[in-house]
Amino acid sequence: MIENKEHFKEHYLAKFSRLHGKDIHEGTLLDKYVALAGLVRDEIAGNWIATNNTYDQPHHKQVYYFSIEFLLGRMLETNLINAGLRDIAEEALHELGINLKELEQQEADAGLGNGGLGRLGACFLDSMASVGIPGHGCGIRYKYGLFKQKIVDGFQAELPDDWLKNGNAWEIRKPDKAVEVRFGGQVKVDCIYGKLVFIHEDYEPVLAVPYDMPVVGYKNQVVNNLRLWSAEAVHKDFDFSTFNRGEYLKAVEYKYAVEAISQILYPDDSNRSGKILRLKQQYFFVSAGLQSIVNRYKKKHESLEGFSDNIAIHINDTHPALCIPELMRILLDQEGMDWDEAWTITNRLMSYTNHTILPEALEVWPVEMFKALLPRIFLIVEEMDRRFGQEVLGRYHGNWQKARDMSIISDGLIRMAHLAIVGSHSVNGVSQVHSEILKDHLLRNFNLFYPGKFNNKTNGISHRRFLLKANPGLAKLITKTIGPTWIQESVDLENLLNCVNDPAFQEKVEKVKGQNKEILARYIQDNCGITVNTASIFDVHIKRIHAYKRQLLNVFHIMDLYNRLCADPNLDIVPRTFIFAGKAAPGYQMAKKIIKLINTLAVKVNNDPRIQEKMKVVFLENYNVSLAEIIIPAADISEQISTASKEASGTGNMKFMMNGAVTLATLDGANIEIGEAAGDENIIVFGLTVAEVLNFYQKGGYNAWDEYHHDPRISTIMEQLVNDFFPDSKEEFRDIYNSLLYDNDEFFVLKDFASYVVAQNRVDELYRQRNAWNKMCIYNIARSGRFYSDRTITEYARDIWRV
Ligand code: 26Q
């Protein structure tokens, strides 16, 4: 164990020469990073093994968190902090003439996720380890993460994210723990001693090889495990027999087809329906994960007795919902249980989180495709559907309509949300309002059918990553003011309430924010060549680009402000820097147009001398976890402006709040709870409410042209999209224009425009009163403590997993 600086230096230099066989002075930054990460891994290895051994003792219930995404970002600093080594490392390296920050940047940002759902998975891993819950992640080791975004000529271009090209210092390949996953073929049914037996034949075998990554708890000696599966060809008899027949090409084809399974993370796509490889990915990691859980359990306990008391399995959205029929398969076909016994165990084990109510995001699979790829699993799903249908008919006296509405299979499609609900003992939403919408609208039938199954677990974030690590200036100030207990228990941030009225403290908070804005300004300068004024309001909108997240509403306010400034160059406004970042799914044309629009507007605004530096528009390319860690600490305004009812929770909103930004928000998702926590006077709210939006959807009554005709600002902006306001992009934005006016503005952008402008004007007014503004920031920080993922995970553990 490394205990001090000198010790650290000694170990580090030894590690370096062992690894690289050369002198440290000849090492590249990458060499130095690799040695440091290796040293950290050595340091945590003992606790990793010890933690695992503890979990193998009786009465240690294990949680397995299945997620098709884990958006980890970089791990070096987090691991250093959690292992209690950061300060020692920083000083020791400094004395060796090495800058820790520079080494950190050598690590690839692990982008194995699209956005909120994947990042939530990563925060939960951190919290499970830090709270000391025996919780393991189970996912896919994608060779390529989410694409890298380049902006070329204002357009998004996608490049592959070859994140493993320099290796991954944190993972350990475990070939001895590999299992076989079977696709395709047929199922033969036999009757042996009066019992039906299902035999899967002519399948294609795939080898699932696990790579384990340590998840280090915060200064508590716990090191949990994240197991990511990689697909490989089965070498045994399979390819050799083909090989022997001289079918070399076939063997190579097989190898490539197999490796394709874990090759790439699918982007959250608008036309994502029915991609067979995606279904393969889902079954691949679900089957591998469950087999390894069952193997481990049987190795320790000899049988499956007590299985459902000692194991909990969580399904992060429906992507891993095949856990349900796959566990049934194992219990029925391998363990020889009967249906009822297997079903009772499965149901007790499984729990499911829903992350969306967008109808196009609810997963379905065509029966034909499903059946061909997973013949045995299909039979089980069919049986589940049949039995569930009987139950519904029984309960509702033969109401066929009800049975059809609730069925798992319908119109040739398998509805994964229905499968997940029927197979789990708990279904939760991710914010209060989202959970209410699930219960009262989207899943109303199920809530009535299964009283008590539905519950809420409002999301949270890792405050250790997004405050302690990302914002060292603020973290230090907080610790100096209220002591360090907030690092473990972020509700203690409330102690800052004693300082809200202290002008000296207000000034310090403002100063830290200013320093963070300087850092971001330098980043913007280096990456976009745009000079921004750090005295301006940093108004930040960063998240996936999606129509419902309404980047367009922000854009239209900027256009309106620009129009006002052109009309009156002396207009008195606080200078603003509008900052955007986010990726659009490669196949989502509308989202890509929005990116082009932002960039086109940026060129126009930033180069107009009449604007006199009163506003700047910046689009930062390749948004990822590391970039978020630079932007969020520097934000004055957090844009959370989704159409009410559409954003299940949002988690970026929480990260901004913790870093002392003021939220500009619709009453959607967790914004509502953020407002309740911060207090009405410390958040800026506008727009339609959930009830109003749902009412419009149900009853109609909204006409986008009314907004166009009654508000000259809106008609001006709409026409500017298609006239020569953007001279080089005349027809480029026609689709946006049409979707708003001819497709009646599905997300109420025009409807909310007027109230958004009022809210934005209020931002301007409030920011002028610097003391009052700083007070708002401090209230937000102080009351953000409840949105930490330690709290969320403790609730999951208590109410759902019962550990
Ligand atoms: C599905 C099929 C094929 C390809 C991709 C996908 C796919 C991938 C990612 C579907 C959905 C996602 C991601 C969804 C997501 O991030 N949802 C967000 O989850 C957060 C955590 O709960 C919430 O805070 C956000 O409100 C919600 O949008």
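1. Let me pin down one term before anything else: a residue is called buried when its relative accessible area is under 20%, using a 1.4 Å probe and protein chains only. By that cut-off, buried residues account for 59% of the 803 residues in the protein chain. Keep in mind that this is a predicted model.

2. On overall shape, I have no complaints. A compact globule of 803 residues would have a radius of gyration near 28 Å, and the protein chain comes out at 27 Å, so the two agree. The C-alpha trace spans about 90 × 70 × 60 Å along its principal axes. As for the surface, the protein chain exposes about 31,700 Å², with carbon and sulfur atoms supplying 51% of that area.

3. There's plenty of secondary structure to walk through: 33 helices and 25 strands in the protein chain. Take the contacts between residues at least 6 apart in sequence: 76% of them join residues at least 24 apart.

4. The piece I'd look at early on is the open sheet built from six strands, ordered β22-β21-β20-β23-β24-β25, with parallel pairing. Its edges are β22 (615-620) and β25 (684-685), each of which pairs on one side only. Within the sheet, β20 (residues 537-542) and β21 (residues 576-581) run parallel and are joined by six bridges. If you want a spot to zoom in on, V540 sits opposite I579 of β21.

5. What lies across this sheet? Helix α22 (residues 551-567) does, covering β20, β21, β22 and β23 (637-640). The helix runs at about 155 degrees to β21, and since angles over 145 count as roughly antiparallel, that is the label I'd give this pair.

6. Helix α22 also has a helical partner. Its axis and that of α29 (residues 712-722) come within 10 Å and cross at roughly 105 degrees, which makes α22 roughly perpendicular to α29. On the α22 side the contact is made by F556, M559, D560 and N563, while α29 contributes R713, T716, I717, M718, Q720 and L721.

7. Elsewhere in the chain, have a look at the hairpin formed by β9 and β10, with two residues between the strands. Strands β9 (residues 186-192) and β10 (residues 195-201) run antiparallel, joined by seven bridges, and V189 stands opposite F198 of β10. Which turn residue has a positive phi? That's Y193, at about 50 degrees.

Methods:
Residues are numbered from 1 along each chain as its sequence is written. This is a predicted model: local features need pLDDT of at least 70, side-chain atom pairs count only at pLDDT 80 or more; totals for chains, interfaces and linings use all residues. Side-chain values use heavy atoms; hydrogens and water are left out. Two strands pair if DSSP finds at least two bridges between them. Helices (H or I, at least four residues) and strands (E, at least two) are DSSP runs, numbered from the N terminus. Contact means heavy atoms within 4.5 Å. Axes are lines fitted to C-alpha atoms, for helices over the stretch in contact, and angles run from 0 to 180 degrees between N-to-C directions. The radius of gyration is taken over C-alpha atoms; the globule rule is 2.2 Å times the number of residues to the power 0.38. Buried means under 20% relative accessible area, exposed over 50%, partly exposed in between (1.4 Å probe, protein chains only). Accessible areas come from the Shrake-Rupley method with a 1.4 Å probe; for residues, only the protein chains shown count as cover. Angles under 35 degrees count as roughly parallel, over 145 as roughly antiparallel, 65 to 115 as roughly perpendicular and the rest as oblique.
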